[in-house]
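Colleague: Please take a close look at one part of this model, the open sheet in the second chain, and then work outward from there to the rest. A plain account will do.

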Amino acid sequence: MQIFIYILKRILQSIPLLIIVSILSFFIIRLSPVDPLAELRLNPSVSQETLQKETERLGLDKPIIVQYGKWAKSFIKGDLGITSNGEQVSAKLKERIPNTLLLTTIVIALTWLVGIPLGVAAALNWKTPFDRILTVLTSIGMAIPSFFFAVLLLIFAVKTGWFPIGGLTSSDFLEMNFPQQVWDISHHLILPVTVLFTLSLAGLQRQMRANLLDVLDSDYVKFARAKGLSEFDVVYKHALRNAINPMITLLGFEFAGLLSGAALTEYVFQYPGLGRLILEAVLKSDINLVMASLMMGAIMLILGNLIADILLIITDPRIRVKA
Amino acid sequence: MKKAGYVVLIILFAGILAKSCLYVDKPQQTTKTIPPHSITEDIIYPDRQKNITIDGVDYLQSQAPIGKFGGTLVASTIGEGPKTFNPFNSKDNISSLLSEIMYDGLLSTDAITGQPIPKLAKDFTVNGDTYLIHLRKGIKWSDGKPITADDVLFTWQNIIFDGYGNTSIRDSIVVDGKLPTVRKIDDYTIEFKTPKPFAPFIRMLSSPIAPKHVFEPAVKKGKPYFDTFLSTNANPSTFVTSGAFRLKEYVPAQRVVFERNPDYYIINKNDQKLPYLDKLVYLIVGDVNNEVLKFEGGELDTIGLQGANVARFKELEKHSDFKIYNLGPDTGTMFITFNLNNRKDEKGNYHVDPKKQRWFQDKNFRQVVDYAIDRKNMVLNIANGLGAPLYTAESLNSIFLNKDLPAYERNLEKAKELLKASGYTWSKKGHLLDQYGNHVEFDLYTNAGNTEREAIGVMVKQDLEDLGMKVNFKPIEFNSLVNKLVNTLDWDMVIMGLTGSPLEPNGGKNVWMSNGTLHMFNQRPADYTKDDRYPWEKEIDYLYTQGALATDFESRKKFYDKYQEIAYEEKPFVYIYSPLRISAIRNKFKNVYPTSLGGITYNIEEIYVEDEK
């Protein structure tokens with residue numbers, strides 16, 4: 001029961017936050033001197049009436065505050081509005097969300113499945129050659145800028161011909177049978193996943209290693225060892241449970257990154273995901289689309305934090321008492 | 001000791017860094033790129049497609065060599081992909097390009113001569129203001145229904161004249177506030193009548209024709225519904241089309257796949273129905289770099305190349321499986337323009353500082369700028385040698401180009417003479433002073449982010465400073481620049497570019513007519529009534545009006561030749577150069593006859609894939 005009240009409280013708290021986020025983003029976009037109609041204005045074959053009609057359709061003839069009010073009203077009703085080309089924003093997002101989710105969930109699952117064990121292993125073999133080699137490798141992973149790494153891999157793909165050059169599916173995708181389709185998608189995913197995986201693996205592995213080292217150094221671990229518990233029990237029952245807490249907070253942030261974390265890589269690989277859509281929308285000042293994506297990012301972050309907090313309550317009795 | 005070693009190393013490193021920063025950034029004289037040979041060499045074009053009637057069906061017969069059926073051609077579009085598949089809603093190039101593949105128009109343009117030729121129409125006659133069009137008998141929509149005069153009548157009357165979708169066609173055919181009329185004579189004959197003779201109308205007859213039985217319900221639901229009709233979310237199997245290919249699949253941000261229309265009305269010399277290709281794929285790529293990589297990696301079959309890539313691909317061409325074609329100068333124009341505005345804004349301040357007005361409104365001054373800029377150097381350094389200097393208002397591949405207007409080199413002596421003739425002098429320091437002793441100093445704008453224009457700006461500044469002018473070159477954000485050009489009008493000189501049509505100069509009336517919305521060099525407010533035109537502006541207004549009224553090509557050309565002559569003499573725009581269009585296509589494709597007007601794949605139905613050995 002208590003936990004539901006807690007959740008409710010958190011949701012209520014996030015409402016003013018969302019309002020502030022929306023106002024800030026709306027005004028920043030609108031006050032920047034980007035005119036969605038500039039291209040049309042310089043086209044000799046576009047008439048004055050067409051321009052007038054477009055201005056009215058996009059609501060650009062009204063003061064900003066009215067525009068914001070109009071947007072907020074329809075947003076609350078669940079209507080995300082239309083893009084500057086007249087398509088439904090929700091439909092546009094729906095096209096792209098599955099692609100981005102596919103990429104980011106694979107990456108997150110991979111990094112956690114590999115990163116946590118590697119972090120634990122490095123901490124347990126502290127200062128051995130194994131640990132040092134891992135440290136060097138992760139430093140390299142953290143140091144390479146993602147877009148640069150992505151470009152390198154693309155050139156690799158062009159030169160060897162082993163991988164497709166960007167995209168998600170081949171042009172004859174429709175004619176393939178199911179196993180071929182699965183292979184086609186995996187084939188396209190290898191390179192972008194490699195880029196994102198290398199990048200986030202490094203951070204996660206280091207974090208896990210540092211946490212576990214901290215805990216292994218604490219008094220109760222020493223006490224557990226002194227008590228004569230087996231090394232397995234000491235590490236996996238006592239130390240790991242405490243070391244994992246900060247990782248759960250991190251997981252909350254990862255959740256927020258599910259829909260927005262890979263824009264640069266998506267762009268380089270021409271991956272048909274949300275990142276590319278939003279980048280293009282920002283460049284064109286397509287306000288409804290940009291606002292929808294920003295609000296989505298904010299909501300995902302709040303949700304991620306909420307989930308992390310709830311998970312913490314479950315794993316850590318100390319927090320439960322306070323809450 | 002070790003420390004000292006590090007210090008020395010760091011100092012050395014910093015020194016090297018500083019040295020490389022000190023390098024003077026000046027344009028280099030390069031002549032490294034030789035443009036690929038022009039398309040006009042060694043291509044023998046087949047005869048024009050002919051009408052032929054078999055079993056009561058009026059086919060169009062291709063005269064190109066007979067090819068093999070099957071295969072796929074993969075092309076690409078840069079950007080976000082199509083925004084709509086409704087040919088009447090498209091506002092961007094990609095949507096228009098894709099809908100042109102699916103929907104044929106009554107007429108089309110001969111890719112070699114640029115003259116209108118029949119497409120869905122079997123033939124047409126123009127008589128002053130009357131256009132009589134005979135349709136092909138027995139040809140069908142992709143769902144098997146016949147294409148008749150009702151479809152044409154519906155398209156023009158109920159969609160275009162009634163202002164559905166994108167109204168640019170409608171806007172461009174209004175003559176004196178009146179629309180043309182369209183009348184069905186019988187099932188296969190249709191007649192258009194313009195309020196008075198209006199030559200540009202014939203080009204509009206290549207607009208797509210819609211199937212009435214599909215579009216009528218959408219039109220009845222009103223304009224807001226029509227705007228969303230056949231959007232990119234529509235199911236491809238519901239499309240009823242008339243073009244060589246029909247839509248098979250659209251995957252957002254990835255590709256558009258077309259499959260061949262099995263019942264198309266163009267046939268080959270063996271009377272087999274074209275097109276040869278089974279599929280036509282357009283990949284949607286986000287930027288040029290990715291497009292180039294995809295071509296290199298073999299995922300694309302044809303590509304347009306620019307700048308440094310041309311030189312690289314020219315090298316690759318020797319031992320690769322593609323051929324590069326030079327399609328000649330681009331249709332766009334790039335220019336420097338002057339603000340000739342002598343009016344005041346609402347607050348009573350001049351848009352342009354009066355002392356600057358004296359300079360810009362002086363024809364000699366504008367000619368000085370023209371003589372001072374070094375086009376050749378710009379082509380070599382900015383366009384990698386892949387451009388042609390431009391001196392005329394019509395682009396170099398325009399069928400209305402006035403070929404009598406000669407090209408000339410940079411001529412500083414002549415420029416100085418002209419300046420002296422207008423009373424300019426030089427101070428001891430070499431600054432250029434006008435007759436009132438003002439130092440000639442002005443701002444030159446362009447849109448930031450366009451590297452080509454920014455590079456041109458730097459070179460124009462250097463060229464003009466050789467004459468003692470002081471040029472403050474300011475690249476500013478595109479939107480701010482547009483705002484200056486069309487609203488606030490507070491600018492001195494601008495480097496801009498406009499797209500043009502090589503077929504129809506009348507499209508430039510918004511730029512050249514004194515009341516045009518893009519009459520940049522002397523922009524008047526929308527509701528301006530006072531007649532303060534310069535005499536030559538008045539003359540261009542007259543020529544543009546007459547040019548649209550005359551109907552046959554020869555007499556039209558006289559008017560447009562004259563307008564180019566005036567623009568050449570008065571120089572409201574100082575044209576710079578036109579980049580060359582370079583395209584590559586793989587050798588396995590045959591029946592490729594590139595032309596300057598049509599590009600590489602204009603005859604897509606005739607192109608076939610030869611078996612690779």
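Modeller: Two strands count as paired here if DSSP finds at least two bridges between them. This is a predicted model, and on that criterion chain B holds an open sheet of four strands in the order β6-β7-β9-β8, with antiparallel pairing. The edges of the sheet are β6 (121-127) and β8 (181-186) of chain B; each has a single partner strand, so one side of each is left without a neighbour in the sheet. From one strand to the next the twist averages 20 degrees. Helix α3 (residues 149-161) of chain B packs on the sheet, where it touches β7, β8 and β9 (189-193) of chain B. The direction of this helix makes about 170 degrees with that of β8(B).

Within the sheet, the pairing of β6(B) with strand β7 (residues 130-135) of chain B is antiparallel and runs over six bridges. One of the residue pairs can be named: B:Thr125 has B:Leu132 in β7(B) as its bridge partner.

Chain B has other paired strands. Strand β1 (residues 50-54) of chain B runs antiparallel to strand β2 (residues 57-61) of chain B, and five bridges join them. B:Lys50 is bridged to B:Gln61 in β2(B). The two strands, β1(B) and β2(B), form a hairpin with two residues between them, and in the turn B:Asp55 has a positive phi of about 50 degrees. β2(B) also runs parallel to strand β12 (residues 266-267) of chain B, joined to it by two bridges. There, B:Leu60 is placed opposite B:Ile266 in β12(B).

Ahead of the hairpin, B:Pro46 lies in the loop between α1 (2-22) and β1 of chain B. B:Pro46 counts as partly exposed because it has 14 C-beta neighbours inside 10 Å, where 20 or more would be needed for a buried residue. Not counting residues up to four places away in sequence, B:Pro46 touches B:Gln63 and B:Ala64. B:Pro46 is also 13 Å from B:Ile607, C-alpha to C-alpha, although 561 residues separate them in sequence.

Next, the nonpolar cores. In soluble globular proteins, nonpolar side chains tend to be buried together. The largest nonpolar core has 150 residues, and B:Val368 and B:Ile576 have the most contacts inside it. Leaving out residues up to four places away in sequence, B:Val368 touches B:Ala415, B:Leu418, B:Leu419 and B:Leu467. A second, separate core of 56 residues includes A:Val195, A:Met208, A:Ala243 and A:Ala256.

That leads to chain A, which has 15 helices and zero strands. Its C-alpha trace spans about 85 × 55 × 40 Å along the principal axes. Of the 323 residues in chain A, 31% are buried. Among contacts in chain A between residues at least 6 apart in sequence, 72% join residues at least 24 apart.

Two packed helices are described by the angle between their axes and the distance between the axes. For helix α5 (residues 89-124) of chain A and α8(A), the axes come within 7 Å and cross at roughly 35 degrees. By class, the contact of α5(A) with α8(A) has 22 nonpolar, six polar and one charged residues. The crossing of α5(A) and α8(A) is right-handed.

A:Met176 sits in the loop between α7 (146-160) and α8 (178-216) of chain A. With 14 C-beta neighbours inside 10 Å, A:Met176 counts as partly exposed. Apart from neighbours within four places in sequence, A:Met176 is in contact with A:Gln181 and A:Asp184. Helix α9 (residues 219-227) of chain A is hardly covered, with zero buried residues among its nine. A:Gly228 follows α9(A) and has a positive phi, near 95 degrees.

Last, the interface. Chain B contributes 42 residues to the contact and chain A contributes 34 residues. On the side of chain B that touches chain A, the elements that each supply at least two residues include β10 (245-251), β11 (255-260), β13 (279-285) and α15 (478-488) of chain B. The largest share of that side, five residues, comes from α15(B). By class, the residues of the side of chain B that touches chain A are 15 nonpolar, 17 polar and ten charged.

Note on methods
Residues are numbered from 1 along each chain as its sequence is written. Chains are lettered from A and ligands numbered from 1 in the order in which they are written. This is a predicted model: local features need pLDDT of at least 70, side-chain atom pairs count only at pLDDT 80 or more; totals for chains, interfaces and linings use all residues. A residue is buried if 20 or more other C-beta atoms lie within 10 Å of its own, exposed if 12 or fewer, and partly exposed in between; C-beta atoms are placed from the backbone. Two residues are in contact if their C-beta atoms, placed from the backbone, lie within 7 Å. Axes are lines fitted to C-alpha atoms, for helices over the stretch in contact, and angles run from 0 to 180 degrees between N-to-C directions. A crossing is left-handed if the near helix is turned anticlockwise from the far one by less than a right angle, and right-handed if clockwise. Ala, Val, Leu, Ile, Met, Phe, Trp, Tyr, Cys and Pro count as nonpolar, Asp, Glu, Lys and Arg as charged, and the others, Gly among them, as polar. A nonpolar core is a set of buried Ala, Val, Leu, Ile, Met, Phe, Trp, Tyr and Cys residues joined through C-beta atoms within 7 Å.
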